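User: I should like to learn how to read a protein structure that is new to me. Please take me through its features one at a time.

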Amino acid sequence: MIVPATIFLHSILLLLDNQLQGGVIKFKLSALNLPSKDLNGLNDPYVQIFGKDSGTPFEKLGETLVTYGTINPDWDNVFQFQFVKGIQQKWKFLVKDWDIGWNQDDVLGYVEISVDEVVSRMRKNGNGTLKSNKPITFSLSEPAGGVLVLYPVVE
Ligand SMILES: [Ca+2]
Ligand SMILES: [Ca+2]
């Protein structure tokens with residue numbers, strides 16, 4: 001019997017979800033107390049998101065829109081990424097201040113996180129499922145000071 005590829009793939013994804021070996025993570029981002037890099041004491045922050053797994057270099061996965069005139073931004077963008085457990089998957093969030101002029105943007109901080117760790121923190125809050133919408137916070141470094149908040153999006 002020939003099984004259509006789409007059904008076959010769907011079965012694999014369900015299996016992955018059930019065992020929490022992989023699946024899809026959806027989230028939004030906010031930040032708190034970002035160090036100011038504009039003369040008015042505020043910023044125009046945005047986030048660039050990079051991803052990698054063991055043996056591969058970081059590549060860009062996405063970017064938020066710019067939020068103007070704040071050090072406590074909430075970004076509306078919803079990100080949706082595939083995760084696979086056990087391949088040392090990492091995300092890097094680079095927070096920047098938009099400025100006028102090519103290549104003038106200031107770095108406000110970054111954090112590198114293990115996707116396995118994010119998933120396990122979500123599981124802790126959700127009885128073994130990825131249904132938790134409790135925010136997960138990360139301290140930003142270089143320059144230190146700000147906090148990045150990842151809000152899981154649950155449907
Ligand atoms: Ca600036
Ligand atoms: Ca700016």
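User: In what order do the elements of the protein run from the N terminus on?

Analyst: The model is a predicted one. From the N terminus on, its elements follow the order α-β-β-β-β-β-β-α-β-β, which amounts to 2 helices and 8 strands.

User: What is the mean pLDDT of the protein, and where does pLDDT stay under 50?

Analyst: Where pLDDT is low, the predicted coordinates should not be read in detail. Here the mean pLDDT is 85, and 79% of the residues reach 70 or more. Residues 14-18 are a stretch where pLDDT stays under 50. For that stretch the model has 4 contacts beyond four places in sequence.

User: Next, the sheet. Which strands does the open sheet contain, and in what order?

Analyst: Strands of a sheet pair through backbone hydrogen bonds, either parallel or antiparallel. In this structure an open sheet of 4 strands has the order S4-S1-S8-S7, and its pairing is antiparallel. S4 and strand S7 (136-139) each have a single partner strand and stand at the edges, so one side of each is left without a neighbour in the sheet. From one strand to the next, the twist averages 35 degrees.

User: How many bridges join S1 to S4, and which residues stand opposite one another?

Analyst: Strand S1 (residues 22-32) and strand S4 (residues 79-84) run antiparallel and are joined by 6 bridges. Val24 has Gln82 in S4 as its bridge partner, while Phe27 stands opposite Phe79 in S4.

User: Over how many bridges does S1 pair with S8?

Analyst: The pairing of S1 with strand S8 (residues 147-152) is antiparallel and extends over 6 bridges. Within it, Ala31 stands opposite Leu148 in S8.

User: Which strands form a hairpin, and what is notable about phi in the turn?

Analyst: S2 and S3 form a hairpin with 6 residues between them. In the turn, Gly55 has a positive phi of about 85 degrees. The two strands, S2 and strand S3 (residues 59-63), run antiparallel and are joined by 4 bridges. Ile49 stands opposite Gly62 in S3.

User: Let us turn to the interior. How many residues has the largest nonpolar core, and which elements give two or more residues to this core?

Analyst: Buried residues make up 19% of the 155 residues in the protein. The largest nonpolar core has 20 residues, and those with the most contacts inside it are Leu29, Leu34, Val47, Phe93, Val95 and Leu148. Two or more residues of this core come from each of S1, strand S2 (45-52), strand S5 (90-97), helix H2 (115-124) and S8. S5 gives the most, with 4 residues.

User: Which residues does Val95 touch?

Analyst: Leaving aside residues up to four places away in sequence, Val95 touches Ala31, Leu34, Pro45, Val47, Leu108, Gly109, Tyr110, Leu140, Gly146 and Leu148. For the protein as a whole, among contacts between residues at least 6 apart in sequence, 61% join residues at least 24 apart.

User: Is Arg121 buried or partly exposed, and where does Arg121 lie?

Analyst: A residue counts as buried if 20 or more other C-beta atoms lie within 10 Å of its own. Arg121 has 17 other C-beta atoms within 10 Å, and is therefore partly exposed. Arg121 lies in helix H2. Its C-alpha atom is separated by 9.7 Å from that of Pro135, and the two residues are 14 residues apart along the chain.

Notes. Residues are numbered from 1 along each chain as its sequence is written. Chains are lettered from A and ligands numbered from 1 in the order in which they are written. This is a predicted model: local features need pLDDT of at least 70, side-chain atom pairs count only at pLDDT 80 or more; totals for chains, interfaces and linings use all residues. Two strands pair if DSSP finds at least two bridges between them. Axes are lines fitted to C-alpha atoms, for helices over the stretch in contact, and angles run from 0 to 180 degrees between N-to-C directions. A residue is buried if 20 or more other C-beta atoms lie within 10 Å of its own, exposed if 12 or fewer, and partly exposed in between; C-beta atoms are placed from the backbone. Two residues are in contact if their C-beta atoms, placed from the backbone, lie within 7 Å. pLDDT is the predictor's confidence in each residue, from 0 to 100. A nonpolar core is a set of buried Ala, Val, Leu, Ile, Met, Phe, Trp, Tyr and Cys residues joined through C-beta atoms within 7 Å.
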